[in-house]
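User: I should like to learn how to read a sheet and its surroundings in a structural model. Could you guide me through one case?

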Amino acid sequence: MSLFNWVSLGFFLYLLSPILSLNGSSDIPSRFLNYAKKEELFDWMVGVRRKIHENPELGFEEFETSKLVRAELDKIGVKYKHPLSVTGVVGFIGSGKPPFVALRADMDALAMQEMVEWEYKSKVPGKMHACGHDSHVAMLLGAAKILQDHREELKGTVVLIFQPAEEGGGGAKKMIDEGALENVNAIFGLHVANKLPIGEVASRHGPLLAGSGFFEAVISGKGGHAAIPQHSIDPILAASNVIVSLQHLVSREADPLDSQVVTVAKFQGGGAFNVIPDSVTIGGTFRAFLKESFMQLKQRIEEVVTGQAAVQRCKAVINFLENEKPFFPPTINDKYLHDYFRIVASDMLGIDKVKDMQPLMGSEDFAFYQEMIPGYFFFIGMQNETHKQLQSPHSPYFEINEDVLPYGAALHASLAARYLLEFQPEVTLPEENDHDEL
């Protein structure tokens with residue numbers, strides 16, 4: 001074989017080396033899980049989670065949570081940028097060079113009173129971590145610890161996104177606007193699942209969660225005495241007709257194979273048994289997987305509210321609250337990242353623990369990241385079948401099985417580390433001159 005051919009073969013093998021090394025990287029998930037289960041690291045994640053749980057903060061108000069995140073990153077030597085989107089933090093581990101892969105955790109709590117009586121119950125009246133975001137932060141910090149302790153294995157850069165205001169505030173969009181995805185090639189995110197057994201994960205490629213929006217309408221009439229309704233214009237009657245008519249948008253106008261939801265969850269009006277009020281306020285949410293279906297629902301909600309109010313001689317003003325609660329796009333998982341996720345999760349948990357799931361009508365602002373770059377969102381189980389059934393997210397009785405923390409931390413870290421090995425930047429070969437010299 002000529003010297004040129006030997007050099008060409010060697011260069012070709014060099015280009016293939018990241019792919020060939022995948023066989024050697026298959027032990028990363030199991031190694032990282034064992035590392036995450038070490039007593040010292042587990043206890044640290046539990047402590048972080050409980051501190052956050054005791055001090056819940058609403059969207060764009062996560063100042064103490066952000067301070068805690070930065071303090072823990074400082075302790076393990078991880079560099080970061082702050083603030084992004086008021087309270088957001090973006091950390092960096094690795095070479096500082098491509099490829100870049102991001103891991104995301106949301107930090108905000110909900111405006112509700114915790115009803116679970118335990119040592120680390122929320123200390124803030126009317127605020128609670130009822131969706132697991134405290135555990136999401138703890139798991140991402142755990143992943144940061146794992147990755148920092150194994151940074152010599154990283155063939156690129158991991159970006160850690162600690163995001164504010166997922167609960168309706170669209171914090172992801174603001175993080176993007178302020179540069180959180182700069183240079184990032186792909187992003188992963190997770191959510192705890194109360195009904196999925198511990199040690200299992202579930203997701204799917206394509207549409208996973210619906211796009212969502214909110215609306216509020218004020219329907220105004222003319223108040224008066226309930227005994228002489230003919231002298232009034234009753235906004236309660238008008239609002240009732242509006243609500244019934246809104247239910248027809250899905251049952252009679254939507255394709256049954258195109259999942260959509262319209263729910264009125266707010267009705268405020270009147271304060272006495274014998275007085276017809278001047279106005280009534282109703283509000284709710286609408287969901288769809290297809291953008292055209294979503295926009296059609298929005299248009300028809302406005303038409304139905306104003307039209308049905310007019311039938312009852314009332315006036316209606318509708319607000320879609322886009323400034324306070326921006327519309328969320330559907331969460332759509334990348335097909336190639338789905339295949340990659342199944343490989344990594346199977347290496348850690350076993351293929352039988354990696355489940356395909358049906359789409360849900362819930363929504364996630366992680367979808368904003370997926371509009372910019374390939375992204376993948378999955379659910380991680382925390383139900384211990386020997387214990388009581390955990391309550392659903394957004395319940396005042398919601399609880400976290402803290403045994404989930406090592407699994408989430410290790411999966412985050414494994415997805416990032418293996419991604420950097422698998423998706424190395426392509427090297428462009430110089431063009432060959434195929435013509436023989438004469």
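Analyst: The following turns treat confidence, then a sheet, then a helix and a record. Please note that this is a predicted model.

User: What is the mean pLDDT of the protein, and which stretches stay under 50?

Analyst: The pLDDT expresses the predictor's confidence in each residue. Here its mean is 93, and 92% of the residues reach 70 or more. Residues 1-23 stay under 50, and the model gives them ten contacts beyond four places in sequence. The pLDDT is also below 50 over residues 432-438, a stretch with one contact beyond near neighbours in sequence.

User: In what order do the strands of the open sheet lie?

Analyst: In general, strands of a sheet pair through backbone hydrogen bonds, in either a parallel or an antiparallel manner. In this case four strands follow the order S10-S12-S8-S13, and the pairing is antiparallel. Strand S10 (260-268) and strand S13 (315-319) each have a single partner strand, so one side of each lacks a neighbour in the sheet. On average, neighbouring strands are turned by 20 degrees against each other, direction ignored.

User: Over how many bridges do S8 and S13 pair?

Analyst: Strand S8, residues 211-220, pairs with S13 over five bridges in the antiparallel sense. Val 218 stands opposite Val 317 in S13.

User: Which strands does helix H8 lie across?

Analyst: Helix H8 (residues 235-253) lies across S8, S10 and strand S12 (279-288), and runs at about 165 degrees to S10.

User: Which residues does UniProt list for the domain "Peptidase M20 dimerisation"?

Analyst: An unreviewed UniProt entry lists residues 211-306 under that name. In the model this span is 36% helix and 34% strand, with its end C-alpha atoms 24 Å apart.

Key
Residues numbered from 1 in each chain as written. Predicted model: local features only at pLDDT ≥ 70, side-chain atom pairs only at ≥ 80, totals over all residues. Heavy atoms only, no water. Pairing = 2+ DSSP bridges. Helix = DSSP H or I, 4+ residues; strand = E, 2+ residues; numbered from the N terminus. Axes fitted to C-alpha atoms, helices over the stretch in contact; angles between N-to-C directions. Contact = heavy atoms within 4.5 Å. UniProt positions renumbered as here; feature names shortened; annotations may be inferred. pLDDT = per-residue confidence, 0-100.
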